[in-house]
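Trainee: Could you walk me through this structure, a bit at a time? I would like to begin with how helices pack.

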Amino acid sequence: MSHLVSLRNDGDIAVVTIDNPPVNALSHALRAGLVEALSRARADAGTAAIVIVCAGRTFIAGADISEFGKPAREPTTLDVISAIEASEKPVIAAMHGTPLGGGLEVALACHFRVAVPGTRLGLPEIKLGLIPGAGGTQRLPRLIGLDKAMAMVLSGDPIPATEALTAGLIDAIVEGDLTAAAVAFARGIVARGQAPVLARNRDDKLAPWRGEVEKFDDDAAPYAKRARGRDAPAAAIAALRGAITLPIEEALARERALFLDLVAGEQSKAQRHIFFAEREAAKLPKLAGVKPHDIQRAAVIGAGTMGGGIAMCFANAGLPVRVIEANDEALARGLDAVAKNYRSAAARGSLAADEVEARLARIAGTTDLAAVADAEIVIEAVFEDMSIKQQVFGALDRIAKSGAVLATNTSYLDIDALARGVARPDAVIGMHFFSPANVMRLLEVVRGAATSPATLATALAVGRRIGKIPVVVGVCHGFVGNRMHRVRGVEAERLLLEGALPADVDAALTDFGFPMGPFAAADLAGLDVGWRMRKAQGLNAPIADLLCESGRFGQKTGRGFYLYAPGSRTPQPDPEVARLIAAEMARRGAAPGAVGKDEIVERLLFAMINEGARILAEGIARRPGDIDVIWVYGYGFPAHRGGPMHYADSVGLARIRDRLTEFARRTGDESLRLAPLLQKLAADGNGFASLST
Ligand code: T1G
């Protein structure tokens, strides 16, 4: 048998143990071993029941994603499932960790399922631009009902074992040694002569839905509405619909056909790229063997929106955190906002009341900076002003304990300049959180020229511990994300001066898949933030500056690029803004014109991609995939497009080169001058992906 699967008997119970680290993915070798083991156990007269269990940290966490896009090899996952369902002896899935995707589908083919406490079960395929392709959309609703199955398949989020038991997805939660408990469970089944029932033959949970297709369509509609250009949600709905409109064999065939279409599609390729790029981003060969500091306690300087959110990240991860503010009033305001945030989470039912209290208890506020003395990591999140930050770092240098990491949450200031002002520049690093910090998963970890490997390793470890996706970047103005964001902003402003309106530009990007366009996003963030920054740096944004000069700061003033009805966050086009833009165009002698949607997308994204090429050439980002992860998790770039650099490869760098050349000629804009790396790759017929091989 394959080295990944072993078979032994515990009396009359056969135990099939899978061991394919790190997550027992259903690779070809594993499938072959499983089919072999099952046929042996079935053929063995001394075997009355079969237990399938996994070694390592989890039950099968899905199909082997790295095999997608390659020729399918037999036995397939469907063959494994047929082998289980053909067994006349009860087969029991014994689960722990994260049985996901094809792993849960294997369990759904078993006659019984048991799990240890803490197991999280799910069908996350939709997060890879796919749908369950091995019967999940048919067997799951037969066990737990269509509405719950719809929620699981279309969200892709796992459910805890307790919920799975209540829903009927598992038959028991077992304590202690999983294998022993599963063997005992199997023995009980055999002793009671309990007839094994296959999920595929269950109909009690589906019967209420037969003839209720309209209700199904109504319930599915909100999911379809939120698809924003993704193909997988519609495919999932179509597959689930088959559960109540088709005989099971036809429904399974339809699911499979929909799945195979998606696997071969660009969207799933893009989302699989992001899956692996996210994990690659955490790997820095140079840090191999470097031990991060042990972090027991954190401190955050500043209780503003960012400081409060950062403190919540630590409290959510079980770490005590001190929040230091300049005065009691600001401290109280900050801690109130944190408490309100937690209480509204409890009100929404996404956090238990006792958990709210436990997290609040981990956050202690003070106005005494000396309180940072026992923290192993200090994160400065004060006002974006270099002189204020230098003062804070000077004080931290005197107070913080030796070996402490001194991090700054600046979103664009020079980390090296901050480090030069302290006696321990090796301990200085940027940890750039995204707002709201307790929600956004991205963390730009900015390595300074003097940052030590231990400081970097510690920041990465802390990032992962507080549930972030840390991506290492170098020091430059705006690092990776904001540097590209600024270039996109300049191009967006230019489009307004060529006749596009804010709503045209925003619609082009939301149709592309972004949750929000640049102008609605600017109104949400507050136009005054960017205005202050531009003024400090001698930069300008013609229209945004004009809006700010007239007191239009966005949602906070009810007027910005859009109008907002009192209490509403819905942007309404404002004729006054159109007039203001027209007047500015006239003042500049610009002829009014129209810019098509496709050109708007190209202008905004190709300019960003060009800047991304410069960033790669300068080594500010290590891999194109790092840039993609930053934009997908920090700026809402649609994951089904794979991030800007992956998207560029799907368009073709030669086309981007030619279009940028055309745009630069037409606009005379220097920042659109081709990045040499883009030019070279296009000339060689290569893509950015060629840089990662
Ligand atoms: N295939 C291949 N490699 C995988 C993998 C998978 N399914 N899951 C994880 N890895 C690798 C990962 O790249 C990393 O490698 C290492 O394992 C540890 O992962 C037919 C179509 C299970 C919750 O979507 O969500 O089944 O970087 O760092 O944080 O219907 O991994 O060390 O070289 O993420 O502890 C459905 C995907 C597939 C689950 C563990 N399954 N995995 O998280 O570790 S589609 C999924 C995860 C499918 C069927 C369909 C997480 C995890 P390396 P990690 P972790």
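Mentor: Gladly, and please keep in mind that this is a predicted model. Let us start with helix α4 (residues 136-144) and helix α10 (residues 248-263), which pack at an angle of about 130 degrees, while their axes are 8 Å apart. That angle makes α4 oblique to α10.

Trainee: Which residues make the contact between those two?

Mentor: From α4 the contact takes G136, T137, Q138, R139 and R142, and from α10 it takes I248, A251, L252 and E255. Sorted by class, the contact of α4 with α10 has three nonpolar, three polar and three charged residues.

Trainee: OK, and how do α8 and α9 cross?

Mentor: Helix α8 (residues 213-225) and helix α9 (residues 232-245) have axes that come within 10 Å and cross at roughly 165 degrees. The two helices are therefore roughly antiparallel to each other, and their crossing is right-handed.

Trainee: What residues of α8 and α9 meet there?

Mentor: On the α8 side you will find V213, F216, D217, A220, Y223 and A224, and they meet P233, I237, L240, R241, I244 and T245 in α9. The residues of this contact between α8 and α9 divide into nine nonpolar, one polar and two charged.

Trainee: And at what angle do α11 and α25 pack?

Mentor: Helix α11 (residues 266-280) packs with helix α25 (residues 624-634) at an angle of about 105 degrees, and their axes are 9 Å apart. This makes α11 roughly perpendicular to α25. The contact is formed by H273, I274, A277 and E278 of α11 together with G625, D628, V629, V632 and Y633 of α25, and its residues divide into five nonpolar, two polar and two charged.

Trainee: Let's switch to sheets. What is the strand order in the sheet of six strands?

Mentor: That sheet is open, with the order β1-β2-β3-β4-β5-β8 and mixed pairing. At its edges stand β1 (5-10) and β8 (172-173), each with a single partner strand, so one side of each is left without a neighbour in the sheet. Helix α1 packs on this sheet, touching β1, β2 and β3, and the direction of α1 makes about 25 degrees with that of β1.

Trainee: Do β1 and β2 run parallel or antiparallel?

Mentor: They run antiparallel, and six bridges join β1 to β2. As an example, the bridge partner of R8 is V15 in β2. The two strands form a hairpin with two residues between them, and G11 in the turn has a positive phi of about 65 degrees.

Trainee: And which way do β3 and β4 run?

Mentor: Strand β3 and strand β4 (residues 91-95) run parallel and are joined by four bridges. There, V53 stands opposite A94 in β4.

Trainee: What about the sheet of eight strands, what is its order?

Mentor: Its order is β11-β10-β9-β12-β13-β14-β15-β16, and this sheet is again described as open, with mixed pairing. The edge strands are β11 (363-366) and β16 (469-473), and each has a single partner strand, so one side of each is left without a neighbour in the sheet. From one strand to the next, the twist averages 25 degrees.

Trainee: How many bridges join β12 to β13?

Mentor: Four bridges join strand β12 (residues 377-380) to strand β13 (residues 405-408), and the two run parallel. Within that pair, V378 stands opposite L406 in β13.

Trainee: New topic: how many salt bridges does the structure hold?

Mentor: It holds 51 salt bridges. One pair to look at is E329 with R333, where the closest N and O atoms are 3.1 Å apart. Because E329 and R333 are four residues apart in helix α13 (residues 328-347), about one helical turn separates them.

Trainee: Last one, on the backbone: where are the cis peptide bonds you wanted to show me?

Mentor: One is the bond from E74 to P75, with omega near -5 degrees, and P75 is found in the loop between β3 (49-54) and α2 (77-85). Another is the bond from S435 to P436, also with omega near -5 degrees, and P436 is found in the loop between β14 (428-433) and β15 (442-446). While you are looking at loops, notice N24, which has a positive phi of about 50 degrees although it is not a glycine. N24 is found in the loop between β2 (13-18) and α1 (28-43).

Terms used
Residues are numbered from 1 along each chain as its sequence is written. This is a predicted model: local features need pLDDT of at least 70, side-chain atom pairs count only at pLDDT 80 or more; totals for chains, interfaces and linings use all residues. Side-chain values use heavy atoms; hydrogens and water are left out. Axes are lines fitted to C-alpha atoms, for helices over the stretch in contact, and angles run from 0 to 180 degrees between N-to-C directions. Angles under 35 degrees count as roughly parallel, over 145 as roughly antiparallel, 65 to 115 as roughly perpendicular and the rest as oblique. A crossing is left-handed if the near helix is turned anticlockwise from the far one by less than a right angle, and right-handed if clockwise. Contact means heavy atoms within 4.5 Å. Ala, Val, Leu, Ile, Met, Phe, Trp, Tyr, Cys and Pro count as nonpolar, Asp, Glu, Lys and Arg as charged, and the others, Gly among them, as polar. Two strands pair if DSSP finds at least two bridges between them. A salt bridge is a side-chain nitrogen of Lys or Arg within 4 Å of a carboxyl oxygen of Asp or Glu.
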